[in-house]
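This report walks through one protein chain, from its overall make-up to a few single residues. Please keep the sequence and the structure in view while reading.

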Amino acid sequence: MQQSIAVITIILVLILVASPTFAQSGVLKLLFPDQTTEAIVTDECAGTGKCCIPTAIADKVCTSEGTYILNFKYTGDVQSAGEVLKNAHAVNWDTEQYCKGTESTDVLCFQNKSVNFSSVSGKCCGARPSRDCGLRSGTEVCVNPTKEPEHWELMHLAENHGDIIDVDCAQTQLVSDGTEFYGCGLYQGIATQHPTFDLLEVTRSGVDQYQKHGYLCAEPDPGNNNTHPEIIECLGDGRSYNQKQGNIGQIGEAHQRGELFFAQLGRDDVIQTGALGNFNGASGKLIVKLNNTWAGSEDLTRVIFFAEADLDTYISIEKSKNKLTCNAVNGGSSIKTTFDISSLTPSPQSGIIHTIILTWNTNGQFICSFDGVSQTKTGYNAINVRELFVNTGPRGAQGSQSPMRARISKDANAPILYCTKDAQWVKDLDTKDSITCRAAGLRWTGSKCCSEDEDLPGESYNDKDPPNYNDQESGACFKSAHVANGFLVPQTNDTVLAILGEFYGCQLNETAPHFLALTDTHTGKPLINTTNRCTLAYNATRNVNVNYYCSFRNNWTRTLKQDQLFPRSVAPEVRSVLNPAQNRSAIDTECCPQQQCWSGIACVNDQRNDPNPRNTIKGFRCIGGNWTTMTPKHTFDDRVFGFCPRNEQCLVNPSANASANDLPHAISFAHPERGPICITNGQYILQSITRGDATQSTSTYCNNGSWTSRTNILASYLASIGETQAPNNYALFCDRFRNTLNFFEYRALPDANFVSHYMDATCTGPDKTPTPCVNEFCVLKYGDKVAWGTTLNKPINDSREGFLNAVGKPVTHCDNALQDDAQFHACGANMWHNNALGAIIHLPTGAVPGITTTEALTAGAAYIEARMQAIDTFMESATLADFRTFILSTHMFENLYINRAGQKDLFAFLQTNRVNGTPIDYLAARYMGINITDPRGVSGCDLIRNRITVDLAKDCKTVGTTNTFVGVQTPGEGNLRIIWQDFTAKLRK
């Protein structure tokens, strides 16, 4: 606007051309165009040249077309009496030539008015208010921007580019885009109509980084004292184009066309207000969002929204324990929609948002939707609402007691628009950015926003995460609710899970087939990826160890991170031991890691390397993912019980190292925990045993899961020789070298003087512990021949401590016998070697039977079984009954005596076993076909009783020529070990 425009304010004056006649006293009047109306301007302006027009007549001027005339009538003495008439101003509405500016000769302006003259158009703005309001002339428009009716200004297209211009007299606003004015509102009282808009983009350069700003035409908001529509500029993160300080929209701010009410309520908030003037209930939309923390399960009505005309006419939303109800009641007619919400258990978990949308229109439709499920009723009649209630606290009945927000619009189809970071108004934030989405109180899923109100009631989509996704801006959207990665989707009974921005269902074809029908809102493809049971889903959110698998319970179940899961079924015998409460919740099949088993209620760790017998369930153990019947094991001395990974293994030490299993050379006397827990069939190991106060080593052998001794196997080979070479005339005795050799007066070893030092010597054992070079020594006398054998604790060809060194042979002497077929092979010089057993046998003639150690044990057991059975039967006596189980557990036979001569059959053994962890020595003997009554007539049993002392029990029975004896003692408390040599030596012939 040019600087020449003059603003005349406060006092509007009549400027007259100076004339002598005007110096006379008189009355100045203004004659209106109809010549019948006149107004006295003043009678006190004589001689001044300026006369003011009274306010009372100012508003009447320019309201009629024609010529206004000034009439001066003289009073008093005058030189020339009469009237002086002068045209003051011509008003012609057709040409709009009125209210000329100050540069005109004739000016007529008025007191208490602010008008604005344009030298461009030659027009005066504001002299005629009702006609001037919003008057457009070329590039200018006449407005009253200060909301003061008497204040007027001219606005220009170019100079007011981007300004929001208030036109209070017309209850509207204008904005210029530099080439045109655009209006927002109904334009009541505006002489010239202007283009209207809902959304407008205004382009300006040099203000900020954005070339365009969005302008929104918003509805009146009486609740905020805005009585007419407003224009709101979206500022984004830029600077305002508007120089008039109009409304500014910040990032994330939302407005709805036709919006009458918006409220964000906390818990226990109640808003009660008038019906906001223009809300007549004929057409509109109500959107209520609330979370799942609504209080209580009691069946009380809770009012969420209430729009009331009177007691019998209202719109409401109410909830009870099991129902959500939308009502429209109009006198005698009513409409109701009801939703079952009994499955929606109140929960403090945040982020679970329920959405209620209620719309009504002039077509008589009443539509209520809850979480995307809609119900439509017809016959709705408009309600003239007087008061509104929005309620989270108690009012009358009880409130929802849940934080929520409510938005009401008079337009059932009006979108909600958001101010974005780049200064635009949009309804769809999926095409924008995370900053805008989060500022709007929504959640960004990686590339989209969940969920703008325009997407209600049921936007659902996958948003697959890129490799470098942001933890805080990821996930997916399910029925307008954001679901973070690694979390279950609410209200799906844990059947749907979000992983890496995508939804995965657990066996949905069986558990929830209706979910399979859901489609991605944006792609139209199936929303949920279906998976089978035992599928693993890892949470992709960093630093959160939450993982799930698809369970046979038909839901996603949390688990520790696994590589893979497999279906596992419980053995009926295992499930049968569950208590009733557990059994009710048990299932027969579930997913477990590959090496684990299912117990009916939990996955059980692989017990392959767990020797603890307490972890056995009714004889079943979890081995490699399968329930397997396992035989409990005991250590060779019956000291400890436990389990081995395989039934053919033998238990060495349950507290040892599973990684050393089947490695007998790993045994350590100094550090037993480093040795194996178990060794397998056919392996032997040197172990220590305590007898009384003495600790000695013994060479144990694993025979298909049961312990025996290498001495017992050696004895079985020698007994086989005796049975085949002299079945009715052989004697076998096994004991330590010196004891055995003495019984046979050195005939068993003609060169004993040469090797005896080796038989009694110690060699380097495990952990360099001194141990005997050989174990028990067995001598067989059959016919007139004598054979002997022993087991070695060092390899036969050991360069320093091997047996070949002791007999003066080169270490290669038995190389041809170093075979691992578990049989004896000849070394030469009547020496035979079994490499798998680590044993030697010296035969005067012939050969060792070509049988394996297993076959030898089977044969040896046959020789012993009948004799043991007789002793076992004998121990049924009251004296020995408590120790009978010893007989059944006898397995070592390191101290053994067998003597066959015609009808004579002598059998005896000495062993240490344990009862309830306590070591006990016992000696058992059965002498058949021999009379041991002494010359004095003392019976054999009496002789034995008198000779043997024990601290626990002993008994002897003579039947004919058969004497059976068993003595039991605590080691060191009796003389069984002392008497053992006499007990056998005296009967050797």
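Two strands are said to pair if DSSP finds at least two bridges between them. The model shown here is a predicted one, and this notion of pairing can be followed in it at a small hairpin. Strand 10 (residues 136-137) and strand 11 (residues 140-143) run antiparallel and are joined by two bridges, and within this pairing R136 has V141 in strand 11 as its bridge partner. Two residues lie between the strands of this hairpin, where G138 takes a positive phi near 65°. On its other pairing, strand 11 is joined to strand 12 (residues 153-156) in the antiparallel sense over four bridges, with C142 standing opposite L154 in strand 12.

In a regular strand the side chains alternate between the two faces of the sheet. In strand 11, E140 and C142 belong to one side and V141 and V143 to the other, and since these residues are all buried, both faces of the strand are covered.

**The chain as a whole**

The chain has 989 residues, of which 51% are buried, and its secondary structure comes to 15 helices and 71 strands. Among the contacts with a separation of 6 or more, 54% are between residues 24 or more positions apart. The chain exposes about 43,200 Å², and carbon and sulfur atoms supply 48% of that area.

**A sheet of eleven strands**

Strands of a sheet pair through backbone hydrogen bonds, either parallel or antiparallel. One open sheet in this chain has eleven strands in the order 64-65-66-63-62-59-67-68-69-71-70, with antiparallel pairing. Strand 64 (825-828) and strand 70 (953-959) each have a single partner strand, so one side of each is left without a neighbour in the sheet. From one strand to the next, the twist averages 15°. Within the sheet, strand 59 (residues 729-735) and strand 62 (residues 774-782) run antiparallel and are joined by six bridges, and Y730 stands opposite Y782 in strand 62.

Helix 12 (residues 853-874) packs on this sheet, touching strands that include strand 65 (831-834), strand 67 (895-901) and strand 68 (904-915), and its direction makes about 90° with that of strand 68. Helix 14 (residues 940-947) lies across strand 70 and strand 71, and runs at about 165° to strand 70.

**Nonpolar cores**

In soluble globular proteins, nonpolar side chains tend to be buried together. The largest nonpolar core here has 46 residues, and the members that touch the most others are L718, L732, F824, F907 and F909. Leaving aside neighbours within four places in sequence, L718 is in contact with L732, C778, L780, A787, G789 and I841. A second, separate core of 35 residues includes I304, A328, F366 and L388.

**Two buried residues in contact**

Is S709 buried or exposed? S709 lies in strand 58 (residues 706-709), and its relative accessibility is 0%, so S709 counts as buried. Beyond residues up to four places away in sequence, S709 touches several residues, including Y701, H891 and F893. The side chain of S709 also reaches the backbone nitrogen of N712, at 2.9 Å.

H891 lies in the loop between helix 13 (884-889) and strand 67. Its relative accessibility is 11%, and because buried means under 20%, H891 counts as buried. Leaving aside neighbours within four places in sequence, the contacts of H891 include H634, F636, W707, S709 and N712. A polar atom of the side chain of H891 lies 2.9 Å from the backbone oxygen of F636. H891 and A861 are 30 residues apart in sequence, while their C-alpha atoms are 9.9 Å apart in space.

**Backbone details in loops**

The table gives the positive phi values of two residues that are not glycine.

| Residue | Phi | Loop between |
|---|---|---|
| A423 | near 70° | strand 33 (416-419) and strand 34 (425-426) |
| K618 | about 55° | strand 49 (603-604) and strand 50 (620-623) |

A423 is buried, with a relative accessible area of 0%, whereas K618 is exposed, with a relative accessible area of 56%. Another backbone detail is the cis peptide bond that joins C450 and S451, where omega is about 0°. S451 is found in the loop between strand 36 (449-450) and strand 37 (476-478).

Conventions: Residues are numbered from 1 along each chain as its sequence is written. This is a predicted model: local features need pLDDT of at least 70, side-chain atom pairs count only at pLDDT 80 or more; totals for chains, interfaces and linings use all residues. Side-chain values use heavy atoms; hydrogens and water are left out. Buried means under 20% relative accessible area, exposed over 50%, partly exposed in between (1.4 Å probe, protein chains only). Contact means heavy atoms within 4.5 Å. Accessible areas come from the Shrake-Rupley method with a 1.4 Å probe; for residues, only the protein chains shown count as cover. A polar contact is a pair of N or O atoms within 3.5 Å; within protein, one must be able to donate a hydrogen and the other to accept it, and residues adjacent in sequence count only if both atoms are side-chain atoms. Axes are lines fitted to C-alpha atoms, for helices over the stretch in contact, and angles run from 0 to 180 degrees between N-to-C directions. A nonpolar core is a set of buried Ala, Val, Leu, Ile, Met, Phe, Trp, Tyr and Cys residues joined through side-chain atoms within 4.5 Å.
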